[in-house]
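Dear colleague,

Please find the structure below, together with a short account of what was found in it. I should be grateful if you would read the account with the structure open.

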Amino acid sequence: MDKNLKYTRNIGIMAHIDAGKTTTTERILYYTGRTHRMGEVDNGNAQMDWMVQEQERGITITSAATTTYWKVNNEEYKINIIDTPGHVDFTVEVERSLRVLDGAVAIFCAVGGVEPQSETVWRQANKYHVPRIAFVNKMDRIGADFFGVVHQIHTKLGAKPVPVQIPIGAEETFIGVVDLIEMKAYIWDDEASLGTKFRVDEIPEELVEEAEEWRMKMIESLAEVNDTILERYIEDHHSITEKELIEALRKCTISGIAVPVLCGAAFKNKGIQKLLDAVVNFLPSPLDIGPVQGTDPKTNEKITREPDNDAPLAALAFKIATDPYMGRLVFMRIYSGKMRTGDMVLNVRTGKRERINKLFRMHANKQQPVEVMEAGDICAGVGLKDLRTGDTLCAIHKPIALESMDFPELVIGVAIEPKTQADYDRLSNALNKLAEEDPTFRVKIDPDSGQTIIQGMGELHLEILIDRLKREFQVECNQGVPQVAYKEAITTSCEYRELFRKQTGGKGKYADILVELMPADDGFKGLQFVNEVSGGNIPREFIPAIEKGFREAMMNGPLAGFPLESLKVILKDGSYHPVDSDSLSFEIAARQAFRRAAVKCNPVLLEPIMSAEVVTPEEYVGDIISDFNRRRGRIEGMETRGGARVIKAKVPLAENFGYVTALRTITSGRATSTMEFSHYEEVPEEIAKRIVEITKGIIL
């Protein structure tokens, strides 16, 4: 097979929960010959949902990778596919997959349209400039509206959708699609063939006019941004060839100007072959994406690496998984050069060399050993010990640091304790492995109560992790009630002088600092430290110790010991003792200054606020709104979508535990809700007092 990179596609399948991502991926694997039996999410035997928890719940939790092949015009293309989760609690899986992909297929439900998580993943794809094509799935469902979804892609996502197909029929009469490039009808009418057989026919008479109209709209959209099509459009739009249209659409897709829109019904095996053709025709190869940007770790200068096998190695670790037989599997995207089994590579973050013991091409959780992987490939390696998500691996003598990833806020925690002494010993090992795999999972020990607290993105996220502890690591745990990850902030400024002096028999301790504490500048996270000391009143070597003291002190706020999100400290003056002063003295002085001064800066408690969206039949709207009001929620808007009402609100996380169950009760199971972290906001005074009392009570 031609190893030319132009025949490679690295794509992701992304969408809102239940839009049909995994079903579409299963069909792709079946039609490309990767599997000989079609897996179904509903039956719990989908190839890509290989975790027990995924099969039981019918949702995708981890992004699974696979490689398959597809022929277009007798040329074979290699397609690396990552099937990503749709549930908001696992949004980081989407984030890290998009970071290494060249293109994506965004799937929308023909009934639900653009749903909240579709907006989230779309924003993530914008962040990494990932070219997309859209697939409107579930055209066979009651209420399916292809053109309605196209309109929503434009209005809600701010994209420029260009339909390249229109449906033939809808709901139970949906039988195929009209290809607007070829002006031919593709009809799947043999249910028994599982979609492998379809016929290419003339456009049904009743659709000819509509097809002509949408073809003109497609050509006009392309003429706005493509000079070649504009010239041909002015001359004679009937003479524009298929090849010219495909080339123009490809250019517009790769540059992010347009989003080609296709439709089908994955569950009924309709439209998948044309989707695969579109992946090959419109989405970029690594060559189209061009060189990857990075920095030289020594000089911080910008450098690039071409997608070329002869270039020095540059690869990004985007996911770590624990396999019961292989141990630690590191998923990597190779941007340049080759990686061989047995190679020594450099981990830029640690500055250490690591050996690649084995390399694999992945198919969900099955591995196919390979000797060498090339530029543009996605693979997994074994033997890399000290590696984290977002680390760069590169050639030892040609270092490059690729842009890492930043992960969202952790807003919820739960205390866990092992049931038996035997579980105690296994727990820390299991938690370490899970934390390595998942950057949005954190473990901390409460310094006051000694409890082990695990933090994550949401209730479902923690539930799955506790379930994995039990099944994969055989650790039985008792768990407490979920805890909100509160934060603290100061609202006014205050100047404070701290003199730390300690005299013992030998060398004493001495540090004297004058500082001003105030809220950090807008948009600043962490410690904003400003040094205004001049004239050598405090020697330069002690300044970092003062900064370190404040940074560590911020982890325990003055009200109830919750961390501060941001703080500005101006070091104004101070003094030192030539014998007794050292770094530790100044670090202790900074901690004490924070503890005593922060109390005077009018500290407040902050709580995580969630963006909620509820889709409900009309008759339950009043009950849902009054329930939100009881939960201190703010209704932000309402709209109609597909015959249902959509309520948007902002609600404090603390009031929202168990909301899914409550909503089910209110609406007899007929409404659905999604929630994601929005921002932190000040807690009302009365409630803040109660939280502080409870927290201090627990600590005492």
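Strands 7, 8, 9 and 10 form an open four-stranded sheet in the order 7-8-9-10, with antiparallel pairing. Its edges are strand 7 (165-168) and strand 10 (199-201), each of which pairs on one side only. Neighbouring strands in this sheet are turned by 25 degrees against each other on average, direction ignored (axes are lines fitted to C-alpha atoms, and angles run from 0 to 180 degrees between N-to-C directions). Strands here are DSSP runs of E of at least two residues, numbered from the N terminus, and two of them pair if DSSP finds at least two bridges between them.

Strand 7 pairs with strand 8 (residues 176-179) in the antiparallel sense over four bridges. Gln165 has Asp179 of strand 8 as its bridge partner.

The model is predicted: local features need pLDDT of at least 70, side-chain atom pairs count only at pLDDT 80 or more, and totals for chains, interfaces and linings use all residues. Residues are numbered from 1 along each chain as its sequence is written, and side-chain values use heavy atoms, with hydrogens and water left out.

As to internal space, there are two cavities of 30 Å³ or more. A cavity is a set of points, on a 1 Å grid over the protein atoms alone, where a 1.4 Å probe fits but cannot get out; lining residues have an atom within 4 Å of a point. The largest cavity has a volume of about 50 Å³, a volume being the space filled by probe spheres set on the points. Its lining includes Ala65, Asn80 and Met362. Strand 2 (64-72), strand 3 (75-83) and strand 22 (378-382) each give two or more residues to this lining.

Yours sincerely

Definitions and conventions:
1 Å grid on protein atoms, 1.4 Å probe; cavity = no way out; pocket = protein on both sides within 12 Å on 5 of 7 lines; lining within 4 Å.
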